[in-house]
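Here are some notes for a colleague who is opening this structure for the first time. Please read them with the sequence and the model side by side.

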Amino acid sequence: MSAGAMRAVKVLVWAACIWPGANLFHKAFWGDLGVNPVETLEHTSGEAALVILLCSLAITPVRRLTGWNRLQSLRRLLGLWAFFYALGHLSFYILFDQACLYWSDCQLNAVVDDVMKRKFILSGMVAFFAMLPLALTSTKGWIRRLGKRWQTLHRLAYVAGAAGATHFIWKTKVPEPKPFIYGGIILVLLAVRVIYSWRKRTGEVRKWGN
Ligand code: HEM
């Protein structure tokens, strides 16, 4: 892939990542968040986080399949956008579901209780806390400092994807296909990763590009 084509892809990826947030912001500004504004905020940010996270996990298999090595730089960009939406999503939950608009109103006990009581909240927390170290160590300095351990740490992205998809499945009261489609995608991505690692170990694949 040429440098020019890669630049065009990056512009498209930025536009696609900005879109859900800009759309939410626009709707919020015009008071057009629907009958349940909190639900709209939580659903849009949660789904954006999950979809972008799955896209970031798909980069490596697509790169290996096509040989377009420049695509690899998109992984970090997508990962950071996914984290940005997850952070927004968590903030909406804390601010509105937990009524934590002012510090004096915040009750950590209530959050802990909710995590213990509702398994879909627990899986959301697992997804978020799996993404947190990835976002914190995404800088060049950390990549250099952690060396090989950085790649191992970044396997947490699969934990985040699986927990995020489980969170969506458990959250849905009336069965609908979308959460299962995301769950299926993460299973396929995981299977591809495992097969690649196994082939690498048996010497069938020599070049390992993370
Ligand atoms: C940090 C902990 C998290 C909490 C407390 C949390 C909480 C919530 C809540 C309250 C809802 C709305 C439930 C409803 O309206 O019935 C929701 C929906 C959702 N969350 Fe989370 N979440 C968390 C993390 C995440 C993360 C990290 C992801 C993605 C990787 C995610 C993806 C989703 C999705 C896809 C939905 C459903 C969207 C839809 O219905 O269209 N959540 N979450």
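How many aromatic pairs does the structure hold? The points below begin with that count and then turn to helix contacts and to single residues.

1. The coordinates come from a predicted model, and the notes should be read with that in mind. In this model there are nine aromatic pairs. A pair of aromatic rings is described by the distance of the centres and the angle of the planes, and two of the pairs are set out in these terms in the next two points.

2. For Phe-92 and Phe-96, the ring centres are 6.3 Å apart and the planes stand at 20°, so the pair is stacked, the cut-off for stacking being planes under 30 degrees apart. Both residues belong to helix H3, where they are four residues apart, or about one turn of the helix. Phe-96 has a relative accessibility of 36% and therefore counts as partly exposed.

3. The rings of Phe-128 and Phe-129 have centres 5.3 Å apart, and their planes are at 90°, so this pair is edge-to-face, a class that needs planes over 60 degrees apart. Phe-128, at 8% relative accessibility, counts as buried, whereas Phe-129, with a relative accessible area of 49%, is partly exposed.

4. Ring pairs also join Trp-14, Trp-81, Phe-84 and Tyr-85 into a cluster. Two members of this cluster, Trp-81 and Tyr-85, are on the H3 side of the contact between H1 and H3, while Trp-14 is on the H1 side.

5. Helix H1 (residues 3-29) and H3 have axes that come within 11 Å and cross at roughly 5°, which means that H1 is roughly parallel to H3. From H1, the residues in this contact are Met-6, Val-9, Lys-10, Val-13, Trp-14, Cys-17, Ile-18, Pro-20 and Gly-21, and they meet Ser-73, Leu-74, Leu-77, Leu-78, Trp-81 and Tyr-85 of H3. Sorted by class, the contact has 12 nonpolar, two polar and one charged residues.

6. Helix H3 (residues 73-97) also meets helix H5 (residues 119-136), and here the axes come within 10 Å and cross at roughly 135°. That angle makes H3 oblique to H5, and the crossing of the two helices is left-handed. Leu-80, Ala-82, Phe-83, Ala-86, Leu-87, Leu-90 and Tyr-93 make the contact from H3, and their counterparts in H5 are Ile-121, Met-125, Phe-128, Met-131, Leu-132 and Ala-135. By class, this contact has 13 nonpolar residues, with no polar and no charged ones.

7. H5 has a further contact, with helix H8 (residues 156-171), in which the axes come within 8 Å and cross at roughly 155°. The two helices are therefore roughly antiparallel to each other, since angles over 145 degrees are classed in this way, and H5 passes H8 in a left-handed crossing. Among the H5 residues involved are Lys-119, Phe-120, Ala-127 and Leu-134, and the H8 residues include Leu-156, Ala-163, His-167 and Trp-170. This contact divides into 14 nonpolar, five polar and two charged residues.

8. Is Asp-114 buried or exposed? Asp-114 is found in helix H4 (residues 108-117), and at 12% relative accessibility this residue counts as buried. Leaving aside residues up to four places away in sequence, Asp-114 touches Tyr-93, Gln-98 and Ile-121. Tyr-93 and Ile-121 also appear in the contact between H3 and H5.

9. Ala-99 deserves a look at its backbone, since phi is near 45°, a positive value in a residue other than glycine. This alanine lies in the loop between H3 and H4, and with 46% relative accessibility Ala-99 counts as partly exposed.

10. Two separations along the chain can be set beside their separations in space. Val-51, in helix H2 (residues 37-66), is partly exposed with a relative accessible area of 30%, and its C-alpha atom is 14 Å from that of Ile-169, although the two residues are 118 residues apart in sequence. Lys-200, in helix H9 (residues 177-201), is also partly exposed, with a relative accessible area of 32%. The C-alpha atoms of Lys-200 and Gly-31 are separated by 54 Å, with their positions 169 residues apart along the chain.

Definitions and conventions
Residues numbered from 1 in each chain as written. Predicted model: local features only at pLDDT ≥ 70, side-chain atom pairs only at ≥ 80, totals over all residues. Heavy atoms only, no water. Axes fitted to C-alpha atoms, helices over the stretch in contact; angles between N-to-C directions. Parallel < 35°, antiparallel > 145°, perpendicular 65-115°, else oblique. Left-handed = near helix turned anticlockwise from the far one by under 90°. Contact = heavy atoms within 4.5 Å. Nonpolar A, V, L, I, M, F, W, Y, C, P; charged D, E, K, R; others polar. Phe/Tyr/Trp six-rings, centres within 6.5 Å; stacked < 30°, edge-to-face > 60°. Buried < 20%, exposed > 50% of the residue type's maximum accessible area, 1.4 Å probe, protein only.
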